[in-house]
Each structure stands twice: as C-alpha cells, then as structure tokens.
Amino acid sequence: MSYLCYYPQVQINQLPVPITFPKGVDSFRASIIMFVETLEMEPKQNYTISQLCTRFAFQRRRFYDVVNVLEAAGCCQKTNFDCFTWLGLANVKPHLAQLIRDHELTTSKNDMEELFPTSESITIANLAYQFLLAFLALDKKLLDIKQIALFLSRNNSRFKTTLCKLYQISHILEVVGIIEKTITPGEVLLAERFFPDKPSQNHVFMDVGMLLNGTKKQTASEVYADRWNAFTKVHELPQPMVLPILSPITSPISV
C-alpha cells in the first residue's frame, strides 16, 4: 500500500516516544544525527515534517531549517509544505554534479554576478543553495565562511545576517558529514566523497561574441580563475571603520 506521507512502521518501533537526550548533550546535533540515520535506512520514501519534528525532538522552526539545508544539498525534496521525499546522502554527489551541468560552470557563460545575484532573499534555503554552489562555481574544496558571506552581501548591508545564517547552514552540513571543519576558524571543506568529479580542464569555451570579436579562447581552468578573481576582489574593498568605544572621563580621586 502506498501512502502520501507516512512513517515506516519498522522505524517507529525502534524509537522511543518522545526522544529525550541526557543533560549536557547537544540535542540539536543529536536530533539531526538520529533523524538522518533513521531515514537512511529507508530512502526514497515520503515523510511528514510535522510528525518527524515531534518524533526527533526538534523545534519546528529549526527542523524546517534542517530540511531546507538538506534539500539544497540534494538529500531530500519537498513535495509540499509539510511533506518531503528522502533521497539519501548518496544523492548529494549526483545532485552537485547536476548543478555544474545546469549552470554550465565549466564555461564562461555565467559569471559570478549572474550566479550569485544579491537581490535574492537571504532565506536559509537560498543561502544553503548559494553556499554549496560557491564551491562548485569556484572549483574549490576549501572556502572561508566569512569570505562567502562578504561576497554574497557585496551589494547590500546584510553581511552580519548572511554570516550568521551561513554558520547555521555549515553546522547542519557538518553534522551530516557533507562539509568538514579545518583547524582554521571559519574555514570549511566540502568532503571529498561528495565533491563532483573534476571536469576536463582541456575544454575550450567560445561563444558567438568571441568568434566575431576574435577573443582569446578560454579553458575551464581560466573560467574558474576569472571567477576566483571576482570573488576575492570583493574582499579587497575597504571595510567599514569601527570607531572605538571610549570610556567616560572621570575626575581623579582625591586622596
């Protein structure tokens, strides 16, 4: 029998109701781990968000964040507001490879301004998508969260909000093993097993304009280098000066 949204009964019987965690345990992290491990046992099934939220002891808002981040990574796909299909961690690498093809990232057809418009709303879902796309568009496995936040907020004043949400996103992705932390604070690594196979660097791209103007051919490596220059150029802009907070002047204490 097929259900639109359901709990596999075999999994329900394995879990206490409700789930509780010992004092001192990071309950959010533990809930994510248990949630993913449970759904990995039976992928490609439909689930109800509201029921899973209760089952795995999530705050509703935070659980929606988890689902939105994992959907951006290709782990699941929402079928409506309260339901999603679990596709599994095995779908992450094919999903990211498809993003490379969809955006034609090995060609110069799309530059950084087109790939990362600052007019997009800074929801968790949009930022998670852009966060992962940054690794692919730059062909880099290692990036700094603050640098990404600075680039994504280059034309607006939402750097702090963007950075805060990117840290939330990176935490969720790190818990499930899609990204890894390094010894450098704020630096994250897209896990090797999820990074798509590197496209051929011998590919040469020429559009109609290049043919008509006689512009030099661009290889894939040159395309990535141009994007990296655009990405790092933003970080060279002068940052707003923060004035020091002066202590109030007090009269000397007379002895």
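The following exercises, with worked solutions, concern a predicted model.

**Exercise 1. Confidence**

Determine over which residues pLDDT stays under 50, and how many contacts beyond four places in sequence the model has for them.

*Solution.* Begin with the whole chain: the average pLDDT is 81, and 74% of the residues score at least 70. Next, take residues 1–16, where pLDDT stays under 50; the model has 31 contacts beyond four places in sequence for this stretch. Finally, pLDDT also stays under 50 over residues 249–255, but here the number of such contacts is zero.

**Exercise 2. The nonpolar core**

Identify which helix gives the most to the largest nonpolar core, and which domains supply residues to this core.

*Solution.* The largest nonpolar core comprises 69 residues, and F35, L70, F84, W86, F131 and I178 have the most contacts inside it. Helix α7, residues 124–138, makes the greatest contribution, with eleven residues. Domain 1 (27–89) and domain 2 (91–197 + 204–213) each supply at least three residues to this core. As a last step, consider I178: leaving aside residues up to four places away in sequence, I178 touches A73, C75, L89, V92, L173, L189, L190, A191 and F194.

**Exercise 3. The sheet**

Establish the strand order of the open sheet and state which strands lie at the edges.

*Solution.* The open sheet has three strands in the order β4-β6-β5, paired antiparallel. Strands β4 (142–144) and β5 (179–181) each pair on one side only, and are the edge strands. On average, neighbouring strands are turned by 30° against each other, direction ignored. Between β4 and β6 (residues 187–190) there are three bridges, and D144 stands opposite E187 in β6.

Methods:
Residues are numbered from 1 along each chain as its sequence is written. This is a predicted model: local features need pLDDT of at least 70, side-chain atom pairs count only at pLDDT 80 or more; totals for chains, interfaces and linings use all residues. Side-chain values use heavy atoms; hydrogens and water are left out. A nonpolar core is a set of buried Ala, Val, Leu, Ile, Met, Phe, Trp, Tyr and Cys residues joined through side-chain atoms within 4.5 Å. Buried means under 20% relative accessible area, exposed over 50%, partly exposed in between (1.4 Å probe, protein chains only). Helices (H or I, at least four residues) and strands (E, at least two) are DSSP runs, numbered from the N terminus. Domain bounds come from an automatic or database domain assignment. Contact means heavy atoms within 4.5 Å. pLDDT is the predictor's confidence in each residue, from 0 to 100. Two strands pair if DSSP finds at least two bridges between them. Axes are lines fitted to C-alpha atoms, for helices over the stretch in contact, and angles run from 0 to 180 degrees between N-to-C directions.
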